[in-house]
Every structure is written in C-alpha cells, then in structure tokens.
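The following exercises ask the reader to work through ligand surroundings, empty space and strand pairing, each with a solution set out in steps.

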Amino acid sequence: MPKVVALPRSFSRSEEAKEMLLQAGFEVIWNTEGRPLKEAELIEVIKGADALITGIDEVTAKVLEAGAPTLKVVAKYGVGYDNIDVEAANRLGIPVTITPGAPTRSVAELALTLMLSVSRHIPQMNAGVKDGGWGRITGTELGDKVLGVVGLGAIGAEVVKRAVAFDMKVIAYDAFVRQDMIDKYGVQYVTLPELYAQSDFITLHAPAIPETVGMINKESLAQMKKSAILINTARGDLVVEQDLYEALSSGQIAGAGLDTFVQEPPATLDIVSLPNVVTSPHVGSNTVEAGYRMAKMAAEEAIRAVNGEAPKFPVKIPVNK
Ligand SMILES: NC(=O)C1=CN([C@@H]2O[C@H](COP(=O)(O)OP(=O)(O)OC[C@H]3O[C@@H](n4cnc5c(N)ncnc54)[C@H](O)[C@@H]3O)[C@@H](O)[C@H]2O)C=CC1
Ligand SMILES: O=C(O)CCC(=O)C(=O)O
C-alpha cells in the first residue's frame, strides 16, 4: 500500500482530496502536531513514504535523503517552495511540485485586508471598543494613493485588480513586464528606487531568492516616504527585521502589515508589539477555498507520482538561500 505523508494543518479539511487519496489506495499519515514539522521530526515520518505533501515544514537535504529510497514526489501545498531543498531533491531524483494559482486570490485578499487594517487602525479601535472605550482614530484612504507592487506575478496581479477598484494608482517592479497589466490596469513599471520613493503602500509578492532576501533593509527603508506602509505577505526573509523595527519605531515609515516572518512564530515580539504594525500568523492562503484547491492539486500530484506519471507542476530551480 503506498504511503503519503500529508502535513499541512488544513489539508485534512478537504474531503475531496482525502477521498482521492483513499480511493487511490494510499495509507495517509497526518500531522497531528498542528504546526509545521522541523527537520528531525520529518526525518522520522518520511521513512518509507511514497509521497510527501508539505506546507512550510523543513524539507531539508537530510529529510530528502531519509525519504529517498521510496519517495516519489514532494508536493508543495502552495506556491512558495523556499522551505524545500530543491537542489537536493534534484540530485536525488525526487520531483518537487507546487499548486500554482490555488492560493492566489486568498493571499491577495489578505494583502488588501492588511492595507486597510493598518491605514484605518482597525485592530487598535477594535480592542478599544471591546474594552468599553470609544477611541476614534483618524485613518487614511487607499483611494488616489500610489501602490508599489514588488513582484507582479499571480498574487501581485490579483492585488493590482483590487487596488485599482479602490482607485489606487499602481506602480510595479518585476524582471518580467506584463503588457496586460499595463493595458488593463495602467500599471507603470519602475525601478526599485523609484518604487520605494513614490509609493504610499508597498506590497511584497516576490519569492524568497538570493536577489530578494533582505531587500527591505536600512537603505531601502530610507528611500521610502515617512507616510509609507509596508505589506509583506510574501516571505519574512525579504525583510531585515531589525532594520524594519527601527524604521517603524523612529517614524522612518508609518506602518506595516506582516503575515510572514524570518522565523515563525517570530523570534522576538519587538516588531509585532509596535502599535503601527498589524500582523497575522502566515495565513495568506489559509482559507477554506484556497485550502480546498491546494489540497486537491497536491493530492493529484501524489497520485500521479505513485502511478509513474510525470508531474504536472514541477519546479526545478532552487529558491533556497
Ligand atoms: N503568505 C502566504 O500564505 C503565502 C505567501 N506566498 C508567497 O508569495 C510569493 C508569490 O507567489 P505567486 O504570485 O503565486 O508567485 P509567481 O511566481 O506567480 O510570482 C512571483 C513574481 O515575482 C517576480 N520576481 C522574481 N524575482 C524577483 C525580484 N528579484 N524582484 C521582483 N520580482 C521578482 C517573478 O518574476 C514573478 O512575477 C510566493 O513565492 C510565496 O513566497 C504564496 C502563497 C501563500
Ligand atoms: O502552507 C502554508 O500554510 C503556507 C503556504 C505558502 O506560504 C505558500 O504557498 O507559499
């Protein structure tokens, strides 16, 4: 009986994906920890598995080596695969797959949620009113503001659509220019320094790769407007957190909405305790709908792999640091 290790917390909510695996004759090993697994834990559970469905667990070279004798696929439940050592997987002949498009709308909606929450001070007022207070904090509109999108791929594009509906003007930085974004939404491609200098809101949607890791640092923060609000639903590694902490504390920038952190949960509460920061615990794709799509697509990849079929959405290029 083929064995699949299914780790993402919300995978088990998808009845259809579960049923697909059971119909395909899989024994399914669930993650009962309720959190992503560390390398040492994964090394134990991976042994003898034919397929691994992973969220943001530590799929290192050692994990892949432990699974290599039987492992036929590592199916990422999502799109950001920086938690998987793709180079080691390539070397061991284990395909790595992702679920492109499945989390897109949910992450875009969270980016907008964070923009609105920071600019309208929703968490502070919510806490105040629940506490019996009536502290009315003056906010700012999104309308007529400049949104700078770093990484105009699937999620970035969905953010643009929504931002334009809020009457925002959108500028973007990406190595690839999408003509449809220019034609349909009037997106203007700019250099990174231009984006930092002109944006009222900056939203990150690029993968964690050597070119992007640490891109939000003392230098880039110094180029931003004092009224700028930074949104990060991409990866914590894009930000030098100490530099962001200093910029937010000193008024170098006005606020931040953060879903992702270098270490999750964050190593210290310094940034998240700041009054001008709104956070969430890496839940960009954590919706019923995205979970359903990601689970189905990842289950399909696991089934394809045990049937000896080629993966549908393989990734080859490592994005690890
Ligand atoms: N918070 C969450 O729960 C989630 C976070 N993510 C993150 O969002 C990222 C983006 O996802 P998608 O839009 O689906 O990926 P995508 O591959 O469709 O888009 C990424 C875009 O970034 C661009 N890019 C690459 N290198 C760049 C650089 N140096 N500077 C600027 N742009 C660059 C690419 O050209 C591409 O257009 C993922 O890599 C992942 O890290 C994804 C899903 C859920
Ligand atoms: O597995 C998760 O919960 C997060 C998924 C994610 O961040 C991604 O798709 O890049």
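The model used throughout is a predicted one.

**Exercise 1. Ligand 2**

Identify the residues around ligand 2, sort them by class, and state which polar contacts its oxygen atoms make and how much of its accessible area the protein covers.

Solution. Begin with the shell: the residues around ligand 2 are Gly55, Ile56, Lys76, Tyr77, Gly78, Val79, Gly80, Arg235, His282 and Ser285. Sorted by class, this shell holds three nonpolar, five polar and two charged residues.

Next, take the polar contacts, for which a pair of N or O atoms must lie within 3.5 Å. A polar backbone atom of valine 79 is 2.7 Å from an oxygen atom of ligand 2, and a backbone N or O atom of glycine 80 lies 2.8 Å from an oxygen atom of the ligand. The side chain of histidine 282 also takes part, with an N or O atom 2.7 Å from an oxygen atom of ligand 2. Finally, of the 300 Å² of accessible area that ligand 2 has on its own, the protein covers 86%.

**Exercise 2. Ligand 1**

Describe the shell around ligand 1 by its closest residues and its classes, then list backbone contacts to its oxygen atoms and give the buried share of its area.

Solution. The shell comes first: ligand 1 is surrounded by 25 residues, of which the closest are Ala154, Ile155, Asp174, Thr233 and Asp259. Its composition by class is 11 nonpolar, 10 polar and four charged residues.

The contacts follow. Alanine 154, one of the closest residues, has a polar backbone atom 2.9 Å from an oxygen atom of ligand 1, while a backbone N or O atom of glycine 153 lies 3.3 Å from an oxygen atom of the ligand. Serine 285, which is also among the residues around ligand 2, places a polar backbone atom 3.3 Å from an oxygen atom of ligand 1. Ligand 1 taken alone exposes 860 Å², and the protein buries 83% of that.

**Exercise 3. Empty space**

Determine how many cavities of 30 Å³ or more the structure holds, and characterise the lining of the largest cavity and of the second largest pocket.

Solution. Rolling a probe the size of a water molecule over the atoms shows where empty space is left. One cavity of 30 Å³ or more is present, and the volume of the largest cavity is about 40 Å³. Its lining consists of Asn232, Val239, Glu241, Leu244, Leu258, Thr260, Phe261 and Ile271, that is, five nonpolar, two polar and one charged residue.

Turning to the pocket, the second largest one has a volume of about 240 Å³. Among the 18 residues that line this pocket, Ser119, Thr140, Ser227, Ile229 and Ala254 are the closest to its centre. Helix H5 (104-119) and strand E12 (277-279) are the elements that give two or more residues to the lining. By class, the lining of the second largest pocket comprises seven nonpolar, nine polar and two charged residues.

**Exercise 4. The sheet**

Write down the strand order of the six-stranded open sheet, find its edge strands, and examine how E5 is joined to E13.

Solution. The order is E2-E1-E3-E4-E5-E13, and the pairing is mixed. Strand E2 (27-30) and strand E13 (314-315) are the edge strands, each pairing on one side only. Strand E5 (residues 96-97) runs antiparallel to E13 and is joined to it by two bridges; in one bridge, valine 96 is partnered by valine 315 of E13.

Notes:
Residues are numbered from 1 along each chain as its sequence is written. Chains are lettered from A and ligands numbered from 1 in the order in which they are written. This is a predicted model: local features need pLDDT of at least 70, side-chain atom pairs count only at pLDDT 80 or more; totals for chains, interfaces and linings use all residues. Side-chain values use heavy atoms; hydrogens and water are left out. On a 1 Å grid over the protein atoms alone, a cavity is a set of points where a 1.4 Å probe fits but cannot get out, and a pocket is an open set with protein on both sides within 12 Å along at least five of seven lines; lining residues have an atom within 4 Å of a point. Grid points are joined across faces, edges and corners, and a volume is the space filled by probe spheres set on the points. Ala, Val, Leu, Ile, Met, Phe, Trp, Tyr, Cys and Pro count as nonpolar, Asp, Glu, Lys and Arg as charged, and the others, Gly among them, as polar. A residue is near a molecule or strand if one of its heavy atoms lies within 4 Å of it. A polar contact is a pair of N or O atoms within 3.5 Å; within protein, one must be able to donate a hydrogen and the other to accept it, and residues adjacent in sequence count only if both atoms are side-chain atoms. Accessible areas come from the Shrake-Rupley method with a 1.4 Å probe; for residues, only the protein chains shown count as cover. Two strands pair if DSSP finds at least two bridges between them. Helices (H or I, at least four residues) and strands (E, at least two) are DSSP runs, numbered from the N terminus.
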